[in-house]
Amino acid sequence: MEAGGRPVRSGRIEGWSGAPIATRVPAILLVAAVGFGAVVRPAAPFVFVGLLTLYLFVRGAGDRSAALGASVAAVLPAAAILVWRSVPPPIADPSGADCTNLFSPPALWRLFEGAIGLVAVLGLVVDRRASLGELGLRKGSPGTRALALVGFLVIVPVAMSFANLVGGTTFGGMFFGSYTLDTSQPAALLPGFVFAASNSLAEELAYRGAMRTWLAPGLGIVGANLAQAIVFGLSHTGDDFVGLEAVIPTMFAMIVVGFVGGVIARRTRSLTLPLAIHAAADIPLYFYWACRLA
């Protein structure tokens, strides 16, 4: 039986949850709580503490592997990262002196973010007797690895050129104000890679990894992917933008990017390709924070 070209089983579209409403509602509420912490940054620590307390309670009741335990575990890594994001980040030397510094404030800040996300995921994987492989932290097929490498090498210069191109335009000014990036120092690519790799590892593990995988028992494959994409989009609504008119389109763009990234992760059974693309796209952000000429 077909509905809109998609197979239907037991009266529902394949990919959406057929779990009882008592299972789906808690998962939706947990996603909403993390989304609230993503938008209201001062609330993020309270959301994390509440979720951690709930996880420990569920764990004590012996329910850590059931649907509720999986749902709480799914949102905890993202909640932990959002706590880190709720603290104002350190600022690089405005003169650009930190541009090639491997230990520049932006690079270290993101490195700690990556460590927090990794520790949160590792702790949950061990406690739930799961594996990093089920979250997508595996190499993937040779074709996937080759595509990831080519994608990274192509996207980095394209993203850098685009970032510099829009710096002095109205479009760029709407998001970040007028700026010019110093791309004359190749050594800046090293701290830029630390910055980008740390950020992409934290976010891909938290969203396309834990949320997409562990929310599936309650929300289904499509529902879980949509949930992680929405929270990912909401996490990009902070005060990093110059104009409020830039926040909404950025949020929706990140929701689309997050959803597509989740589809890629599921189809390739690996986070390798989303990690590579994410890191490549984030390198210009390092130059914006540490290598601005104006």
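## Arg59 and its partner

Arg59 sits in between buried and exposed in this predicted model: its relative accessible area is 38%, so it counts as partly exposed. Its salt-bridge partner is Asp127, with the closest N and O atoms 2.5 Å apart. That contact ties together distant parts of the chain, since Arg59 belongs to helix 2 (residues 44–60) and Asp127 to helix 4, 68 residues apart. Asp127 has a relative accessibility of 15%, so this end of the pair is buried.

## The network around Arg85

The whole structure has 5 salt bridges. One of them joins the side chains of Arg85 and Glu113 at 2.7 Å, N to O. Here helix 3 (residues 67–85) supplies Arg85 and helix 4 supplies Glu113, 28 residues apart. Both residues are buried.

Arg85 also pairs with Glu203, and there the closest N and O atoms are 2.4 Å apart. This one spans 118 residues, from Arg85 in helix 3 to Glu203 in helix 7. Glu203 is at just 1% relative accessibility, so it counts as buried. Through shared partners, Arg85, Arg110, Glu113 and Glu203 end up in one network.

## How the helices pack

Helix 4 (residues 105–127) and helix 7 (residues 189–214) have axes 8 Å apart, at an angle of about 30 degrees. That angle is why the two count as roughly parallel. Their crossing is left-handed.

Helix 8 (residues 216–234) and helix 9 (residues 247–268) cross at roughly 140 degrees, their axes coming within 7 Å. That makes the pair oblique, and this crossing is right-handed.

## A nonpolar patch outside

On the surface, Ile21, Val25 and Leu29 make up a nonpolar patch with about 290 Å² of accessible area together. Leu29 lies in helix 1 (residues 21–39) and is exposed, at 57% relative accessibility.

Definitions and conventions
Residues numbered from 1 in each chain as written. Predicted model: local features only at pLDDT ≥ 70, side-chain atom pairs only at ≥ 80, totals over all residues. Heavy atoms only, no water. Patch = residues over 30% accessible without salt bridge, like charges linked within 9 Å, V, L, I, M, F, W, Y side chains within 5 Å. Areas by Shrake-Rupley, 256 points an atom, 1.4 Å probe, with all protein chains shown as cover. Salt bridge = Lys/Arg side-chain N within 4 Å of Asp/Glu carboxyl O. Helix = DSSP H or I, 4+ residues; strand = E, 2+ residues; numbered from the N terminus. Buried < 20%, exposed > 50% of the residue type's maximum accessible area, 1.4 Å probe, protein only. Axes fitted to C-alpha atoms, helices over the stretch in contact; angles between N-to-C directions. Parallel < 35°, antiparallel > 145°, perpendicular 65-115°, else oblique. Left-handed = near helix turned anticlockwise from the far one by under 90°.
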